[in-house]
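Colleague: I am new to this structure and would like to learn how to read its features one at a time. Could you take me through them with care?

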Amino acid sequence: MVAVVAVGGLVGAEARYALGLALPHGPTQWPWSTLLINTTGCVLIGVLMVVITELVDAHPLARPLLGVGFLGGYTTFSTYTVEIVNLVRAGRAPLALGYLAGTPVIAVLAGAAGAAATRAIATRVRVMRSGTARPRAGMTAPDTSDGQEPQ
């Protein structure tokens with residue numbers, strides 16, 4: 001279990017590091033890379049939890065590998081905290097306050113959106129596979145009747 005979490009964490013941390021390099025910011029600037037990392041990580045945890053708890057019979061190591069390991073290594077709320085302190089020290093207290101208040105709200109909404117979107121997609125796929133999908137607005141369903149009354 002520890003090895004699985006460690007491997008996932010290593011890959012997640014490397015992904016976070018790469019994204020941080022791609023979107024650098026100074027200590028007095030809005031930390032877009034960290035906000036993007038934490039937001040996408042929360043969307044992905046919402047997706048993952050729905051998939052492995054509601055949709056598939058997941059391998060017992062899926063959650064530790066992907067949730068605890070990869071997404072735990074990918075998201076970085078410790079960096080979020082350091083960036084708030086750095087913004088305050090740089091005299092950017094209003095920006096720090098906005099970041100402090102906004103990030104958790106965005107993170108929770110992102111997780112909920114990931115879970116809701118995954119459930120909606122799964123429901124749509126189930127309906128389409130069952131053949132009971134309704135036509136979109138403005139479209140008519142093909143006539144498959146043989147012209148006789150149902151019995």
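Colleague: Let us begin with a pair of helices: which hand does the crossing of α1 and α2 have?

Modeller: Two packed helices are described by the angle between their axes and the distance between the axes. In this model, which is predicted, the crossing of α1 and α2 is right-handed, and the two axes come within 9 Å of each other while crossing at roughly 145 degrees. On the α1 side the contact is made by R16, L19 and G20, and on the α2 side by S33, L36 and I37.

Colleague: At what angle do α1 and α3 pack, and how far apart are their axes?

Modeller: For α1 and α3 the angle is about 35 degrees, and the axes lie 6 Å apart. Here, too, a hand can be given, since α1 passes α3 in a right-handed crossing. Among the α1 residues that meet α3 are G8, G9, G12, A13 and A15, while the residues they meet in α3 include P64, V68, G69 and G73.

Colleague: Which residues make the nonpolar surface patch?

Modeller: The patch is made by V7, L10, V11, L65 and L66, and its area is about 410 Å². Two helices, α1 (2–22) and α3 (62–74), each supply at least two of its residues, and the largest share, 3 residues, comes from α1. As one member to look at, take L66, which lies in helix α3 and is partly exposed, with a relative accessible area of 37%. V11 and L65 also appear in the list of residues through which α1 and α3 meet.

Colleague: Turning to single residues, is T34 buried or exposed?

Modeller: T34, whose place is in helix α2, has a relative accessible area of 4%, and because buried means under 20%, T34 counts as buried. When its neighbours within four places in sequence are left aside, T34 is in contact with H25, T76, T79, Y80, E83 and Y99. A further way to place T34 is by its distance to R16: the two residues are 18 apart along the chain, and their C-alpha atoms are separated by 8.4 Å.

Colleague: What does A96 touch, once residues up to four places away in sequence are not counted?

Modeller: A96 touches I84, L87 and V88 under that condition. The place of A96 is in helix α5, and at 3% relative accessibility A96 counts as buried. A96 can also be related to P31, for the two are 65 residues apart in sequence and 9.9 Å apart in space, counted from C-alpha to C-alpha.

Colleague: I would also like to understand charged pairs: which residue does R119 meet in a salt bridge?

Modeller: Side chains of opposite charge can pair when their charged atoms come close. In this structure the side chain of R119 meets that of E54, with 2.6 Å from N to O. R119 lies in helix α5 (residues 93–130) and E54 in helix α2 (residues 32–55), so the pair ties together parts that are 65 residues apart in sequence. Both partners can be read for exposure as well: R119 counts as partly exposed at 39% relative accessibility, and E54 counts as partly exposed at 41%.

Colleague: How many salt bridges does the count come to?

Modeller: The count comes to 1 salt bridge.

Colleague: Finally, how many helices and strands does the protein have?

Modeller: The protein has 5 helices and 0 strands, and when it is read along the sequence the pattern is α-α-α-α-α. Of its 151 residues, 26% count as buried, and the protein exposes about 9900 Å², of which carbon and sulfur atoms supply 67%. For a view of how the chain meets itself, consider the contacts between residues at least 6 apart in sequence, of which 72% join residues at least 24 apart.

Conventions
Residues numbered from 1 in each chain as written. Predicted model: local features only at pLDDT ≥ 70, side-chain atom pairs only at ≥ 80, totals over all residues. Heavy atoms only, no water. Salt bridge = Lys/Arg side-chain N within 4 Å of Asp/Glu carboxyl O. Buried < 20%, exposed > 50% of the residue type's maximum accessible area, 1.4 Å probe, protein only. Patch = residues over 30% accessible without salt bridge, like charges linked within 9 Å, V, L, I, M, F, W, Y side chains within 5 Å. Areas by Shrake-Rupley, 256 points an atom, 1.4 Å probe, with all protein chains shown as cover. Axes fitted to C-alpha atoms, helices over the stretch in contact; angles between N-to-C directions. Left-handed = near helix turned anticlockwise from the far one by under 90°. Contact = heavy atoms within 4.5 Å.
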